[in-house]
Amino acid sequence: MALLMKYRYLRLVAALCLCALGARAQSTGNVYLTYIDTYKGMAIDQMRKYGIPASITLAQGLLESAAGQSRLAKHAHNHFGIKVSAGWKGGYMLQDDDAKNEKFRKYHKVADSYEDHSLFLQQPRYSALFRLSPNDYKGWARTLQKCGYATNPHYAQSLISIIDRYNLTQYDKGGSKRRGSSSTEDFDDFYASHEIGLCNGIYYIVAQPGDNLKRISKQVGKSAGKLRKYNEMLKHTDVSPGDIVFLGEKKSKAAKEMKGVAHTVQPDETIHSISQLYGVKMATIYKKNALPPYHSISVGDKLYVR
């Protein structure tokens, strides 16, 4: 499939799957790196004041605010998804979450959100966090989930994955970046040159010229076999520039926004390429549309993905 077509598909994914990709950073093409560079100082300041690892604060900010691109982040400066509770005297913004029209705290500036996040974690329910070593970011992530910070059962693993992927523990040392290792430099170069997003709750990268599964596997810490399985790739095939490469298993349902919405098949599309657009398994598309396995689709066909 032509590179131009692949990037058009990527834009479609961003619109329909609510991917946390946002506007491209000028120098790196990665909103995650831009977010980290913008707010790492705030995270380090909060660590020095309250003892919360900067890596945890940054990972929560990235996850909860979709790297600063969420509606709450843009219109309420709320980067941590904190809701209004008894005693809150500030403004609020309505947004559907576990229930319809829930009240989320609204701040005058992002720094207020970072400060309030630290104060929020001073509640007795989170006291177990501060018995952990500030270097135990995995323990912090898992304890946040146990204490009920978020209802997502995969919340802790999402934080750990973000911290590992972006080497956020470097900021737990006060922001001094490790140097001298060619592997670390290769790691930084890889993520600076790849678009990373979230579709249907699954992280993905967009393959660039020179990429293959072996190279991607080395950088993301997943075996080539697992990546091949996650992306339902045939044996002996490899990625091409512009391909979406999921870093986790695709879901059995597309995002809820796609309920009752049909995808119109475009030239050169296949069941596989459509499944990659929506982060959904190929079996789901076959089943939802009562198609036999390996059915050939035609331009203009209407297919449901949820």
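**A buried serine, two cores and a helix pair**

In this predicted model, Ser 273 sits in helix H11, which runs over residues 271-278. Its relative accessibility comes out at 13%, so Ser 273 counts as buried, the cut-off being under 20%. The side chain of Ser 273 also makes a link to the backbone: it reaches the nitrogen of Thr 270 at 2.9 Å.

Now for the nonpolar cores. The largest one is made up of 52 residues, and Leu 58, Tyr 149 and Leu 168 have the most contacts inside it. At least two residues of this core come from each of helices H2 (31-50), H3 (54-65), H5 (110-120), H6 (137-146), H7 (155-165), H9 (213-220) and H10 (224-230), and likewise from strand E4 (202-206). H2 gives the most, with eight residues. Leaving aside residues up to four places away in sequence, Tyr 149 touches a whole list of others, including Phe 80, Ile 82, His 117, Phe 120, Arg 125 and Leu 144. Apart from this core lies another, of 15 residues, with Met 258, Met 282, Leu 291 and Val 305 among them. In soluble globular proteins, nonpolar side chains tend to be buried together.

Two of the helices that feed the largest core, H6 and H7, also pack against each other, with their axes 8 Å apart and at an angle of about 150°. That angle is over 145 degrees, so H6 and H7 are roughly antiparallel. The crossing of H6 past H7 is right-handed. On the H6 side, the residues that meet H7 include Tyr 137, Ala 141 and Leu 144, while those of H7 include Tyr 155, Leu 159 and Ile 163.

Key. Residues are numbered from 1 along each chain as its sequence is written. This is a predicted model: local features need pLDDT of at least 70, side-chain atom pairs count only at pLDDT 80 or more; totals for chains, interfaces and linings use all residues. Side-chain values use heavy atoms; hydrogens and water are left out. Helices (H or I, at least four residues) and strands (E, at least two) are DSSP runs, numbered from the N terminus. Buried means under 20% relative accessible area, exposed over 50%, partly exposed in between (1.4 Å probe, protein chains only). A polar contact is a pair of N or O atoms within 3.5 Å; within protein, one must be able to donate a hydrogen and the other to accept it, and residues adjacent in sequence count only if both atoms are side-chain atoms. A nonpolar core is a set of buried Ala, Val, Leu, Ile, Met, Phe, Trp, Tyr and Cys residues joined through side-chain atoms within 4.5 Å. Contact means heavy atoms within 4.5 Å. Axes are lines fitted to C-alpha atoms, for helices over the stretch in contact, and angles run from 0 to 180 degrees between N-to-C directions. Angles under 35 degrees count as roughly parallel, over 145 as roughly antiparallel, 65 to 115 as roughly perpendicular and the rest as oblique. A crossing is left-handed if the near helix is turned anticlockwise from the far one by less than a right angle, and right-handed if clockwise.
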